[in-house]
Each structure stands twice: as structure tokens, then as C-alpha cells.
Amino acid sequence: MQQVQSPSVDSLPRIGYYVSKEEQKQKFYKNESHIHKQGPLSGVKAGAHKLTNDILTYFPKGFSGSKNSDFYEYLSLGMVPYVVGSAMLIALYGAARGKFNATDAHAAGKGFRMMTAGVLAYGIGKWASTKLSRTLINASTGVDLDLKYIKKINELPEPGQEKGIVRIQYPGVYDSAEFFRKDLLAKDSEMNHGSVFALDDKKAKKAGFKEKLNNPGQLINEKTRKLKIRATAMENISKYVVAATGVAFGAQKAFETMKLSKFSSLNNIKSNAIGIFSSILQAGKQLWQGTDRNIITRNYGKVLIGASALTTLLAWLIPTIGFKTNPNTIKTKVDTNKEYEVC
């Protein structure tokens, strides 16, 4: 066998026992669970995949008692009641308007528009609050709590099948605080950054350590676990405060008086878009101003908006502050540059 002289691994020929780094990556991504490549639409892709499978796959499998139904599918189905419940709330006001007389249809139309606005603001508010706090956490700590990984499931054959189906799932890397997928994070770091410690080194630097640690994973994994716990606790407070604000927002008179025409032409679509945008701005102004009936109705909007902003801010600050550390304080306990003898 010819001796390899070049010090560059990537310059080696693709023959014999040697497999290039690029070939290793391709084989790994094809056959193993791995971190989902992140892009602007990664979350949308994973969410759409989960929703369509909830309705078309996971729901029928669960009710049929399939032996291939798993915990991921069970948790994923939690999305279905929100979608179905929201659609029913809107339909209750809109579906029967054609059966009413003119006066009743007009009144039902007001309720339909307000209910639609409230449901949408409720859902969008919860999503936006969590997304904003997690984006700030990622920027401050390097921990992306929205990070997904691709998991391939080899199912057992169902009755009438010769072999099981291979399905794709998009679980969250940090879905479990205690058992988050640090193995996949280390593998992704090794495959794409040349070292299993590369990503942990970056997180350690954001945590306040100016010098590289000998084994940053031990420290960062524990701090990540605590960050996830704190973030979940704060998100459970924040998203419901924001959701309550969304419901109050949808109840404003701006939506009650909003007029829409059929989306039958480009001019109608443009006119409706302007009308909706104008109503949104007006509703926000009405919520902030309140009414002059008493001190509660005059200020409840300001309280809700302020509480939404505050809880969203705290959902970022509290986990981030817990993740950060004072290197001087830690150094009094453990000198990371000192050699220790293990007994």
C-alpha cells in the first residue's frame, strides 16, 4: 500500500480504507439521526410536517391502536385540539349567518369578525412571545431551544404489510431538559466544526469564560439543562399573559365595525388588506386607551400590554442570567488551568 505523504486529510485519494470527510457526512446524514440543517424556513417545514401528519397519520394510528404509535406522536397531537377548537369558535359565529334575517346576520357578522381576530391574536401572540424570547436566548447564550433534529423511525409491519414503513420525525433537540440530545450536538460539532468541543467552547465563552476549558461539555450541559427549565417556566407564564392580551385585542370595536368585501378581484383583495391593517392599528389604539367608565376599563389594556412585554422580557433575561457565570467566582472553586490527579 502506498504511503500517504500529504498532511492534509481532505487531499487523500478516495480509495482503499480511506473515506473522505464529505463521504462520511453524506453517509451519516442519510442513515442516522442528525441535527436538522437550519434555514429561514426550517421551523415552518417542521411545523407543517407535524401538522399534516397529526391529521393524516398520527391521529388514525393512535385510534386504531397501532403498535407503532410512539410518545413523539402522542405529544404532537396536542396541536390538534388548538386547531379544531379555534376553527369551531370561528365557525360558530360565521357558519349560520346565511340562515339569519338581515338584522341578526349583521350582529352575527360583528361577532364573527371579533372572534376571528381574537383567535388569531391569541395564537399569534403565544407563538411570537416564545419565538422572541428564544431568539434572544440563542443570541445571548448560543443555545437554540427551537433546534430540531431529523429522526428516522423504522416501523414494524402493520397487518397486511410485508415490511414496515420508514417515517421521518422532527423532534426538538431540547424537548427533554434532563435528556436533551447532547450526543447529536457533539456529533454535529465534530462533523461541521472539526471538534466535538467547538460549539461548547462558543457557549462557554458566552457564559463568561474567557479561556477555553479542558472539557467544556460537562459545564455547558448542566447549564443548558437549567436554562431549559427556567425558560419553560417563564414561557408558561409569558405566553398566557400574551394570549389574554390577544383575546382583549380581538374584542375591540375596530373589528366589530370592520367591513370586508368578497375576495373576488385584485382591487377587492387590496381594499380588504388596507381595511384589515387599518383595523389592527385602530384596535391597538383602542386597547391602549380603554374606556372612561372606571379606572379598570381605562387602564386594563395598558396593564395587559405592559405585562406581555415584561413577561416576554423576563422569559429571556431569567434563563440567560442563570446561564451566565462569573469566571472569578468559579475560579475560586476550580482552577481550569491546573492539572489534577484522579484517584
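## Opening question

Which helices and strands do the buried residues of H6 pack against? The answer is given under the heading on helix H6, after an outline of the predicted model.

## Overall architecture

The protein contains 12 helices and three strands. Of its 343 residues, 32% are buried. Among contacts with a separation of 6 or more, 63% link residues that lie 24 or more positions apart.

The accessible surface amounts to about 22000 Å², and carbon and sulfur atoms contribute 62% of that area.

## Confidence of the prediction

The mean pLDDT of the protein is 84, with 89% of the residues at 70 or more. Confidence is highest in helix H11 (residues 295-323), where the mean is 93, and lowest in helix H12 (residues 327-331), where the mean is 51. For residues 1-7 the pLDDT falls below 50, and this stretch makes four contacts in the model beyond near neighbours in sequence.

## Helix H6 and its surroundings

Helix H6 spans residues 182-193 and has 12 residues. From first to last C-alpha it reaches 15 Å, close to the expected 16 Å. After H6 comes Gly-194, which has a positive phi near 85°.

The buried residues of this helix are Leu-184, Leu-185, Asp-188, Ser-189 and Met-191. An α-helix has 3.6 residues a turn, so residues three or four places apart point the same way.

The buried residues of H6 pack against two kinds of element: the helices H1 (21-31) and H7 (198-207), and the strands E1 (34-35) and E2 (149-154).

Terms used:
Residues are numbered from 1 along each chain as its sequence is written. This is a predicted model: local features need pLDDT of at least 70, side-chain atom pairs count only at pLDDT 80 or more; totals for chains, interfaces and linings use all residues. Side-chain values use heavy atoms; hydrogens and water are left out. Helices (H or I, at least four residues) and strands (E, at least two) are DSSP runs, numbered from the N terminus. Buried means under 20% relative accessible area, exposed over 50%, partly exposed in between (1.4 Å probe, protein chains only). Contact means heavy atoms within 4.5 Å. Accessible areas come from the Shrake-Rupley method with a 1.4 Å probe; for residues, only the protein chains shown count as cover. pLDDT is the predictor's confidence in each residue, from 0 to 100. The expected span of a helix is 1.5 Å times one less than its number of residues.
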